Each structure stands twice: as structure tokens, then as C-alpha cells.
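Work through these short exercises with the structure open beside you. Try each task before you read its solution.

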Amino acid sequence: MEKIISHTGIGVPLRQSNVDTDQIIPAVYLKRITRTGFEDALFAGWRRDENFILNQEPFNAGSVLVAGPDFGTGSSREHAVWALKDYGFKAVLSARFADIFRGNSGKQGLVAAEVAQSDIELIWKELENNPGTQITVDLESRTVQCGSISAPFQIDDYTRWRLMEGLDDIGLTLQHEEDITAYESSRPAYKPKTLPARSAD
Amino acid sequence: MSATQTPQTLAEKVWNAHVVRRGSGEGESRQPDLIYIDLHLLHEVTSPQAFEGLRIAGRKLRRPDQTIATEDHNTPTLDIDKPIADLTSRTQINTLRENCKEFGVRLHSLGDKEQGIVHVVGPQLGLTQPGMTVVCGDSHTSTHGAFGALAFGIGTSEVEHVMATQSLSLKPFKTMAINVEGTLKPGVTSKDIILAVIAKIGTGGGQGYVLEYRGSAIRALSMDARMTICNMSIEAGARAGMIAPDQTTFDYVKGRPHAPSGEDWDAAVEDWKQLHSDEGAQFDAEVFLDADTLEPFVTWGTNPGQGVSLSDRVPAPEDFEDENDRKACERALSYMGLTGGTPMKDIRVDTVFLGSCTNSRMEDLRAAAAIIKGKEKDPNVRMIVVPGSARVRLEAEAEGLDQIFKDFGAEWRFAGCSMCLGMNPDQLAEGERCASTSNRNFEGRQGKGGRTHLVSPLVAAATAIRGTLSSPSDLANTPVAV
């Protein structure tokens with residue numbers, strides 16, 4: 001994973017709450033077996049509407065999405081994060097993120113920055129009044145800067161550290177493989193195994 | 001429990017029993033715990049990129065004997081003996097088959113007696129048991145919490161992590177008690193309980209929490225009904241929902257193909273009996289719901305929190321104080337083609353879908369069949385019945401339920417996720433309206449431009465008869481077929 005300390009890019013106001021992952025990427029795009037190439041799938045339903053924000057310049061070149069509360073609800077599909085990243089987004093700002101989406105973002109180097117709704121409202125106004133305004137998302141200081149607006153954001157320490165170091169989770173865990181093996185040797189004997197396969201017949 | 005031990009919630013007990021390595025630090029800056037995973041469920045949609053990741057890194061699947069796969073999201077529910085017509089769907093299914101072969105994973109393919117929706121298959125095989133940790137690249141993994149397991153959905157990066165390490169790095173969840181006391185009226189089901197809970201706490205209300213459903217109304221439910229409730233915990237924003245195991249749970253598990261037997265069974269039950277929140281255990285939040293006054297509950301909008309009692313009306317934007325809620329209401333009404341103030345029971349549907357990991361088990365099919373038996377379907381309504389698994393389909397056929405559905409004019413299909421998310425050909429057309437026993441009413445979820453009302457199997461059945469959103473109690477004057 002690439003390290004991220006700070007990112008600056010055009011902010012995109014998405015004045016909507018409860019943006020679920022079915023909207024971020026409709027199910028029909030989940031049939032692919034690759035991990036990249038999902039840029040066309042991002043908000044595919046909404047992008048058919050020419051007034052949608054990503055169909056307007058300069059927002060179509062945005063890299064910081066500023067959304068209403070409860071972003072990323074619903075399906076666990078990590079494709080939602082891949083689609084945002086493939087399109088060019090580096091960060092999403094929202095007052096509340098769904099847990100699974102937040103986790104998936106952290107694994108893929110997308111910054112999910114929790115910003116108070118009152119600050120989101122200010123940023124929305126700034127972006128709408130001055131389209132093309134850039135937003136800086138700084139993990140070091142945990143602040144976002146948009147025009148004259150400076151606002152703190154929340155992100156948990158562990159995710160922030162991993163993003164800033166660009167660390168791979170599996171590699172980190174495998175450093176403790178002995179602990180996993182030790183745990184396995186202490187599991188109760190009655191715990192089920194999928195193999196050999198058994199059936200009701 | 002020793003006198004010095006702090007009382008624990010059910011979720012904390014299961015968590016603590018699975019800590020491989022405790023994270024260092026305290027409070028906010030505490031590192032995640034490494035949690036052991038007992039069972040990993042796979043399906044074709046969220047696994048291909050994870051297998052590919054293993055292959056690229058040259059890593060092995062650590063525990064094939066704690067992993068099982070099934071084909072469900074893409075699979076057709078008609079002509080299952082023919083090659084899958086949609087080429088991308090076929091490729092994804094074939095990729096799962098090749099991956100399972102290469103990594104030694106047990107797979108139940110289309111046509112197999114144990115194939116079906118992953119969350120129906122696990123419990124039915126007896127692989128889901130109390131006190132386990134269960135994960136799957138699917139948010140409705142919360143279903144398995146009905147057994148007192150800690151079960152939750154994960155993203156594909158985490159799927160790969162579990163494949164390689166049989167564990168996950170996780171921060172402890174907070175806990176929320178959902179207390180449901182009283183007795184459900186006839187015609188009111190566990191689906192109505194969970195829809196009412198979501199409307200009450202909102203789609204973000206459960207974020208960061210594990211929900212524990214408690215109280216006399218929950219204790220009275222069957223396992224099928226408990227699974228329906230835990231299944232939709234994610235729709236309240238919670239990653240997991242749990243119900244303490246009891247005799248109902250033990251009776252369900254006993255004798256299933258992968259249930260413990262002999263001395264193992266006794267040892268297991270001994271342990272499982274400890275799996276309840278201790279007297280005096282502290283929850284981080286509590287919610288109360290009165291089962292006595294609950295009515296059939298349905299959604300009117302485009303997220304599962306936008307629901308009301310079936311006897312109520314569609315809300316209007318001005319009914320909401322918060323500006324964001326008002327805008328969300330306006331947008332939802334426009335998408336749904338509804339006007340505020342319309343009685344819910346006046347809403348006419350084109351389609352009724354009985355299925356999904358929420359409501360496709362034997363009890364759901366039996367309940368719907370009992371309502372429609374000997375009745376006539378509204379001629380303008382299409383009804384599709386999709387059993388949750390091939391095994392459920394076989395059992396239903398052994399009981400003659402398939403004939404009841406067919407006589408009524410419903411389509412009796414093969415098992416899979418089907419119209420819940422329309423990854424296979426089962427989709428709504430633009431503007432079509434559906435009473436659906438599934439879990440999500442998002443824009444376009446059941447097909448581009450399709451409109452979804454989430455309902456219980458009983459409401460689905462009554463709606464198929466009357467053509468408008470209805471409960472069984474509305475059927476008194478419906479003509480009986482000769």
C-alpha cells in the first residue's frame with residue numbers, strides 16, 4: 001500500500017445522506033474478478049443523470065469527496081472503495097461512516113475522515129460558491145483545509161499509522177504466526193470442521 | 001464466574017474467548033486485538049480478488065478445514081442444468097470453482113443438494129454453532145449471530161487476511177442491548193421487529209456496536225425467526241447482532257451433519273450454557289421495544305430506516321424536523337413515485353418476491369403458503385418464490401409447499417440470492433414496484449429504477465392476493481378460489 005501523509009485536490013460536494021454502497025457501485029459491476037478498472041462503475045446509476053455532480057466541471061476532476069452522514073452503508077463490497085480509488089478519489093469526508101466501509105477504506109489507502117456535520121455544511125457552501133476549491137486532508141495534524149475553513153477530523157490511531165506507513169496487514173499479522181498456532185492448539189475439540197464434508201443424506 | 005470477575009456481555013465473552021493476541025496500549029490509542037476466526041464462508045462475488053492476492057504473494061490458505069464455499073449471488077433460479085447465460089456471471093462462478101479446487105476448499109455448486117445462500121447453508125449444515133466467530137465477505141453474515149456466534153461481514157482485503165492467517169485485527173465493538181418484551185400479535189413476525197428497530201435507531205444507530213437482542217419476545221422465537229432479526233442488524237448500521245443460545249438453539253443444532261455428537265455434544269452444551277450476558281453486565285447503549293403493540297411494519301423509502309406500520313401513511317417531507325431528513329424524504333418519495341399522506345395499504349405492487357437470506361427458510365415458506373392456500377393471486381401481480389437453499393427447496397417439496405405456490409400462480413424457483421440484489425436475471429424493470437421479503441430497499445437494488453417495499457413473508461403473501469400492500473388480517477373479505 002502507498003504511504004499517505006497529506007493529500008490536496010479538488011473537493012466534490014455530495015449533498016446526500018445515507019449514500020449506500022449499492023449507489024457507490026451497483027451490483028451489476030461486481031461480477032468482475034479483477035481488483036482494478038472500476039472507475040466507470042462509480043456512482044454508475046447517478047452518473048446517467050447529466051446534472052450529477054461528477055458530470056460537471058471542475059468536479060469531475062475531484063479527489064476529495066464531501067458527503068452527508070452515514071456514507072458507505074449496506075453491502076460489504078470492497079468494490080465501493082476500489083471504484084472511488086480508481087476514479088481518482090483519495091479521501092472521503094463525512095460526519096459518519098458505516099463500519100465495514102471505513103474498514104475497507106483503511107485497507108486500501110482511501111482516507112475516511114470523520115468531520116463534524118457543521119463543518120461539512122461550511123465546506124459544501126465553500127465548494128458550491130467557489131467550484132474547484134482544493135481541499136487538503138492532512139493525516140499528520142488530522143485536519144482538513146478548504147479555502148479559509150480549517151476543521152479537525154477523526155480517524156483511529158491504528159488506521160492513521162498504517163496509512164502513513166503504507167503497511168500491509170497480512171504481513172503484520174504473520175509476524176505473530178506462532179501465537180495463532182498456539183491458539184489453535186488450545187481450541188475445544190468439538191469445534192466444527194468443514195472437512196471431510198458431511199451431508200444430511 | 002468467580003466473585004472478582006467483572007460481569008460480561010455475551011459479545012464480550014465470545015470476543016475474549018477468541019483473542020490470539022491482545023493489542024497493546026490503553027483507551028483510544030489501544031491497538032486492535034488479533035481475533036481467531038472459527039469459520040470462514042465464501043461465495044463467488046467477494047472472493048476472486050482475495051484468492052488472487054494469496055496467489056501473487058505465494059501464500060497458502062491456512063485452514064481449508066474451517067472454510068466452505070457456495071455459489072449464490074450470480075446463480076440463475078431457472079434452467080440451472082444449463083450453462084449460465086450471462087458470460088460475466090459464468091466467469092465469476094467458474095473462477096470460484098477453479099480457486100476452490102486449487103486451494104482445497106469445499107464448494108457446493110449449483111445443482112448440489114447443499115448449494116444455496118451462504119447464510120442459509122451454514123446453519124443448515126450445523127457448521128454455525130454457539131460461541132463461534134464466523135466471517136464472510138458479505139454484510140449479512142450477521143445472520144449467524146442468532147446462534148450466539150459473533151458473526152460479521154468483511155471486505156475482500158479482510159477475506160484475504162482470514163485466508164492467510166485465520167484471524168483478523170479488530171478493535172473491540174461497543175455493545176447495545178435491544179430489549180423486546182411482550183408477545184407478538186398474530187400476523188406480526190420477527191421481520192416486523194427488526195424493521196421497527198431499524199426505524200427507531202436509524203441506519204447509522206448501530207454503528208460501532210454489536211447488538212444483543214433480548215427479552216421475552218426474542219426468547220419465544222424459533223431459530224428461523226431469530227436469523228431474520230440478526231440478519232438485518234447491518235441495516236441498523238451494526239456489524240453484528242447476537243441472541244444468547246438456549247434450548248431452542250441446542251435443539252436446532254443437534255443432529256445436524258456437522259453438529260458435535262456423543263461426549264463432544266455434552267461438552268459443547270456445557271460451554272454454550274455459559275453464553276449469555278451476566279447479571280449486571282454493562283451495555284454501552286440500550287433500546288426498548290414493546291412487542292405487544294407492534295404491527296406489521298413496511299418501508300416506504302429508499303433506506304431500511306424509512307419504515308412505518310402498515311396501517312400508517314407515507315410520510316411527507318414536512319413531517320421531518322432535520323433538513324437532511326427532509327431532503328432524504330423528498331428524494332425517496334420522488335424515486336419511489338409516492339406522495340406523502342398516502343395510506344400504505346393503498347400502494348399497488350407489480351411483483352412479490354419471497355426469498356433472500358432474510359426470509360427464505362422453511363418457516364417463511366410455510367407461513368406464506370398457509371396464507372395463500374386455496375386463495376387466488378391478484379392477476380396483475382407476479383410472485384416469485386426462491387427458497388434459500390437447495391435443501392430448503394427439497395424439504396418444501398416434500399411438504400407439498402411447491403404445489404401450493406404453483407396452484408396460486410407463483411413461480412417456484414431454484415435457490416440463490418436472486419431478486420434481493422438482481423445479480424442474476426431476476427430483476428425488476430424500470431418503475432416496477434415490489435413487495436419484497438429481502439433486506440434492502442436502496443435505489444436500483446432489485447433492478448435499475450425498481451421500487452422496493454420491505455415486508456414480512458405474511459405481508460408478502462397477503463399482498464400477492466390483494467395486489468396492494470396488505471396484512472393477513474385484511475383478507476377476511478377476499479374470495480376463496482373454488
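**Exercise 1.** How far apart do the end C-alpha atoms of residues 1–116 of chain A lie, and what percentage of the span is helix and strand?

Solution. Keep in mind that this model is predicted. Start with the ends: their C-alpha atoms lie 28 Å apart. Then take the make-up: helix covers 23% of the span and strand 18%. Last, look at the record. An unreviewed UniProt entry lists residues 1–116 of chain A as "domain: Aconitase A/isopropylmalate dehydratase small subunit swivel".

**Exercise 2.** Describe the contact between chain A and chain B.

Solution. Count each side. Chain B gives 73 residues and chain A gives 55 residues. Next, find the main contributor on chain B. Helix 5 (residues 156–165) of chain B supplies the largest share, 7 residues. Now sort the chain B side by class: 19 residues are nonpolar, 35 polar and 19 charged.

**Exercise 3.** Split chain B into domains, then examine where domain 1 of chain B touches domain 2 of chain B.

Solution. Begin with the assignment for chain B.

- Domain 1: 10–172 + 243–271
- Domain 2: 175–215 + 227–240 + 278–290
- Domain 3: 297–475

The C-alpha centres of domains 1 and 2 of chain B lie 23 Å apart. In their contact, 15 residues of domain 1 of chain B meet 11 residues of domain 2 of chain B. On the domain 1 side, helix 1 (10–16), helix 4 (118–124) and strand 7 (150–153) of chain B each supply at least two residues. Strand 7 of chain B gives the largest share, 4 residues. Finish with the classes on that side: 8 nonpolar, 7 polar and no charged residues.

Methods: Residues are numbered from 1 along each chain as its sequence is written. Chains are lettered from A and ligands numbered from 1 in the order in which they are written. This is a predicted model: local features need pLDDT of at least 70, side-chain atom pairs count only at pLDDT 80 or more; totals for chains, interfaces and linings use all residues. Two residues are in contact if their C-beta atoms, placed from the backbone, lie within 7 Å. Ala, Val, Leu, Ile, Met, Phe, Trp, Tyr, Cys and Pro count as nonpolar, Asp, Glu, Lys and Arg as charged, and the others, Gly among them, as polar. Domain bounds come from an automatic or database domain assignment. UniProt positions are given in the numbering used here, feature names are shortened, and annotations may be inferred rather than shown by experiment.
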